[in-house]
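Thanks, everyone. Please bring up the sequence and the structure, and we will walk through a few places together.

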Amino acid sequence: MVSAVSSTTAQPRHCDGRIASTVFCKNRTAGPVAGCSKTRDVLARSGGLQSASIGRSGFPGGYSCGITHSMTEAVSIFNRNTVRLHRERALSYPSDSDFLLREVANRLVDRLEDVTSHFETAVELGCRSGILGELLQNYSRVDSLFCCDYSSNITNAARSNPGCRATAFSVADEEALPFGDGKLDLVVSNLSLHWVNDLPGSFAQIKRALRPDGLFLATLFGGETLHELRSVLSDAEIAVEGGLSPRVSPFTDIRDAGGLLQRAGFALPVVDTETITVFYEEPFRLLRDLRGMGETNAVQERRKTFSRRETLMTALNLYRERFAGSDGRIPATFTILYLSGWAPAPGQQQPLKPGQGKVSLRDFLGDPVANLETGTTDN
């Protein structure tokens, strides 16, 4: 394994004026599965969201948030019908609630633009309101884009989006994909697959649907996502109600994600992570945005009744007491996993076996002791 550290300053992306600045400090590890980067971002949001930083976890709803979970076998953790209902409800919320979906979609498109391949047929899984279709308007290396989601109401919303460049829209369940083997050149998904019960099965279906040398590119919530909200909800419920109900949405971590890509048969798998911390003036605005993104609790064993007002108010007060900064704003951490893998094909780049390297790292980087003595560095 060869490790490298790089530091980059990126120009801010202006997403309706919400992003103030962005600084990337990435630690990457090269190996069978490349990845693991750390990022500090700053988001600014009027009326509440004011800033951004690294992460691991799940989602409130009801509200609940998560723990790290290894999704290595098919289990029924989420109620898929509830996931659908939450996303349909989110369509009625103000459009500014999707700021995080849009920002991550921008970053996903940035990664796609680094790929020089041409894609004749592309499919988006979990299209929501057509955000990714908007951003791919000027992307010339995709001929046909098909937008899919779990609900006809959602695909109709994407179809009515005048900026979405999709060729067609279709209802499709990520757990039972309707595509034939070897029919697609590109499959993309933005912040949708973390609600899939059988993630290994979905990855295997995606890999089968891709033609040789086809690309799979996706983002998931994972890691320490909303760890602040998770801790205060748990403590509040124990203090007020004397027990703890299932409020946890399990998410895969970066190590499991890489293993699942390999298990599904993808070649050249890469997984890396970025953490975005958003600062709110009021925790109620965080809860509103989670509902507006359709990211509230869909765990099968969740409480089926409304949370008690006393429990919720206690949790929000704990949030302010524990996490508010000197300016009174509270942070909400979101960890984003970026996954990519290729359908195997002849002529693809192959990793060398250990010990087959022909270039010494010392020759490439220079002698660090000599560099320190002379005060020089090799570029």
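Let's start with C147. Leave aside the neighbours within four places in sequence, and C147 is in contact with E124, C127, C164, A166, A168, F169 and S170. Where does C147 sit? It is in strand 6, residues 142–149. One caution before going on: this is a predicted model.

Is C147 buried or exposed? C147 counts as buried because its relative accessibility is 0%. Now look across to G126. In sequence, C147 and G126 are 21 residues apart. In space, their C-alpha atoms are 7.6 Å apart.

G126 also takes us to the next stop, S192. G126 is one of the residues that S192 contacts, along with R87, L125, R128, E174 and T219, again leaving out neighbours within four places in sequence. S192 lies in a loop. That loop runs between strand 8, residues 184–190, and helix 5, residues 199–209. Even so, S192 has 0% relative accessibility, so it counts as buried.

E174 appeared in that list. E174 also touches R80. R80 belongs to helix 1, residues 80–90. What else does R80 touch? Beyond four places in sequence, the others are Y150, D173, E175, W195, V196 and N197. With D173 there is a polar contact between side chains, at 2.9 Å. R80 has a relative accessible area of 8%. Buried means under 20%, so R80 is buried.

Next, strand 11, residues 330–342. How many of its residues are buried? The count is 13 of 13. Here is the background. In a regular strand, side chains alternate between the two faces of the sheet. In strand 11, both faces are covered. One side has I330, A332, F334, I336, Y338, S340 and W342, and these are buried. The other side has P331, T333, T335, L337, L339 and G341, buried as well.

Which strands pair with strand 11? Strand 9, residues 210–222, pairs with it in the antiparallel sense, over eight bridges. In that pairing, L220 has L337 as its bridge partner. Strand 10, residues 267–280, also runs antiparallel to strand 11, joined by 12 bridges. There, E274 is partnered with I336.

On to helix 8, residues 283–292. Seven of its 10 residues are buried. They are P283, R285, L286, L287, D289, L290 and G292. What covers them? The cover includes helix 1, helix 2, helix 6, strand 10, helix 9 and strand 11.

Take helix 9, residues 309–323. Helix 8 and helix 9 pack at about 115°, with axes 10 Å apart. From helix 8 come P283, F284, L286 and L287. They meet L312, M313, L316, Y319 and R320 of helix 9. By class, that contact has eight nonpolar residues, no polar ones and one charged. After helix 8 comes G294, with a positive phi near 75°.

Last, the nonpolar cores. In soluble globular proteins, nonpolar side chains tend to be buried together. Here, the largest core has 52 residues. L229, L286 and F334 have the most contacts inside it. Helix 2, residues 99–113, gives the largest share, eight residues. Apart from that core lies another, of 27 residues. Among them are A218, L220, A264 and V271.

So two familiar names return. L286 is in helix 8's contact with helix 9, and F334 is on one side of strand 11. That's the tour. Thank you.

Methods
Residues are numbered from 1 along each chain as its sequence is written. This is a predicted model: local features need pLDDT of at least 70, side-chain atom pairs count only at pLDDT 80 or more; totals for chains, interfaces and linings use all residues. Side-chain values use heavy atoms; hydrogens and water are left out. Axes are lines fitted to C-alpha atoms, for helices over the stretch in contact, and angles run from 0 to 180 degrees between N-to-C directions. Helices (H or I, at least four residues) and strands (E, at least two) are DSSP runs, numbered from the N terminus. Contact means heavy atoms within 4.5 Å. Ala, Val, Leu, Ile, Met, Phe, Trp, Tyr, Cys and Pro count as nonpolar, Asp, Glu, Lys and Arg as charged, and the others, Gly among them, as polar. Buried means under 20% relative accessible area, exposed over 50%, partly exposed in between (1.4 Å probe, protein chains only). Two strands pair if DSSP finds at least two bridges between them. A nonpolar core is a set of buried Ala, Val, Leu, Ile, Met, Phe, Trp, Tyr and Cys residues joined through side-chain atoms within 4.5 Å. A polar contact is a pair of N or O atoms within 3.5 Å; within protein, one must be able to donate a hydrogen and the other to accept it, and residues adjacent in sequence count only if both atoms are side-chain atoms.
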